[in-house]
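Reader: Hello! I am new to this structure and would love a close look at one part of it. Could you walk me through how its charged side chains pair up?

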Amino acid sequence: MANLKEIRNRISSVSSTMQITSAMKMVSAAKLKKAQDAITAMRPYADKLTELLQSLSATLDADTGSKFAEQREVNKVLIVAISSNRGLCGAFNSNIIKQTNNLVDHVYANKEVSVLAIGKKVNDAFSKRGIVIDNQSDVFDDLTFDNVALIAQSLMDKFVTGQFDKIEIVYNKFKNAATQIVMTEQFLPIVPVQREENANLDYIFEPSKAEIVEELIPKSLKTQLYKGVRDSFASEHGARMTAMHKATDNATELRDQLKLTYNKARQAAITNEILEIVGGAEALNN
């Protein structure tokens, strides 16, 4: 059994760790509220805008289709992997890295695959493989639509100029504080929805349908990427809050066990001292 000093040191260490994890939990809980409100507010708008765009794109003729909807043979693939800049958030980052590895090694095993990293954790993981073409981790320092729109515009330019034939986004979708869903979405080319036979598409467009689509596409793509980054940001704080909550509970349990061990050891030491005193007194009497 460890001596009393060692147990006291361990109790002190665990208590300090518990204070840190508890503080991190409260910080993430405060940040989560703001991030959750932001993604909850913009998600219906982003989904409806994407739905409208896909519906309009599906009605365009091939010769009037958008340059962002061009379907070509896939040889070069870009994966936009979104993680966090910090750890201590459970499986949040490892799930993104695992899914991206699956795309690189299996889904696009025979293709030329590159990674654009948004988040230091995913950048560190794939820089070792030499497939990271850009690192945009600093976007989390000032997470605004304008900053994310610059990244989206760069992706659109890369697709139009033929640097990549397909671009996909991998991120954690926020469901609640305890649940994040790993999503893989095709960013480019735009995937048109299947038109229903009985769908009423007899509309008058002003300006022309093609002009509306050309105007909506860049805005929709920028919104799609911003939604993904916002989803990931909210998921990060939810995952960290949950992880720190569990860590605090584990530290509390361990501290209580150590205190019990300490009390038992102290009681045993006192008992031994009493026995030694009684034994010495008996020896003197005899």
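Author: Happy to! Let us begin with Lys33, which forms a salt bridge with Asp37; their closest N and O atoms are 2.8 Å apart. Please keep in mind that this is a predicted model. As general background, side chains of opposite charge can pair when their charged atoms come close.

Where do Lys33 and Asp37 sit in helix α1? Helix α1 covers residues 4-59, and because the two are 4 residues apart in it, about one helical turn separates them. Lys33 has a relative accessibility of 49%, so it counts as partly exposed. Its partner Asp37 is partly exposed too, at 39%. The limits behind that label are simple: buried means under 20% relative accessible area, and exposed means over 50%.

This pair has company, since a search of the whole structure finds 8 salt bridges. One that reaches between separate elements joins the side chains of Asp105 and Arg129, with N and O at 2.8 Å. Asp105 belongs to helix α2, while Arg129 is in the loop between α3 (120-127) and β3 (132-135), so this salt bridge ties together parts that lie 24 residues apart in sequence. On accessibility, Asp105 is partly exposed at 36%, and Arg129 is partly exposed as well, with a relative accessible area of 39%.

Salt bridges can also share partners, and here that joins Glu70, Arg72 and Asp165 into one network. Within this network, the side chains of Glu70 and Arg72 meet at 3.3 Å, N to O. Arg72 has 21% relative accessibility, so it counts as partly exposed, and Glu70 is also partly exposed, at 39%.

For a contrast, have a look at Ser83. Its place is the loop between β1 (76-82) and α2 (92-107). Is Ser83 buried or exposed? With a relative accessibility of 1%, Ser83 counts as buried, because that value falls under the 20% limit. The side chain of Ser83 reaches the backbone nitrogen of Val122 at 3.1 Å. Setting aside neighbours within four places in sequence, Ser83 is in contact with several residues, among them Phe92, Asn93, Ile118, Gly119, Phe140 and Ser232. Lys120 and Lys121 are also included among the contacts of Ser83, as is Val122.

So, to trace the tour on the model, start at Lys33 and Asp37 in helix α1, go on to the salt bridge of Asp105 and Arg129, then visit the network of Glu70, Arg72 and Asp165, and finish at the buried Ser83.

Technical notes: Residues are numbered from 1 along each chain as its sequence is written. This is a predicted model: local features need pLDDT of at least 70, side-chain atom pairs count only at pLDDT 80 or more; totals for chains, interfaces and linings use all residues. Side-chain values use heavy atoms; hydrogens and water are left out. Buried means under 20% relative accessible area, exposed over 50%, partly exposed in between (1.4 Å probe, protein chains only). A polar contact is a pair of N or O atoms within 3.5 Å; within protein, one must be able to donate a hydrogen and the other to accept it, and residues adjacent in sequence count only if both atoms are side-chain atoms. Contact means heavy atoms within 4.5 Å. A salt bridge is a side-chain nitrogen of Lys or Arg within 4 Å of a carboxyl oxygen of Asp or Glu.
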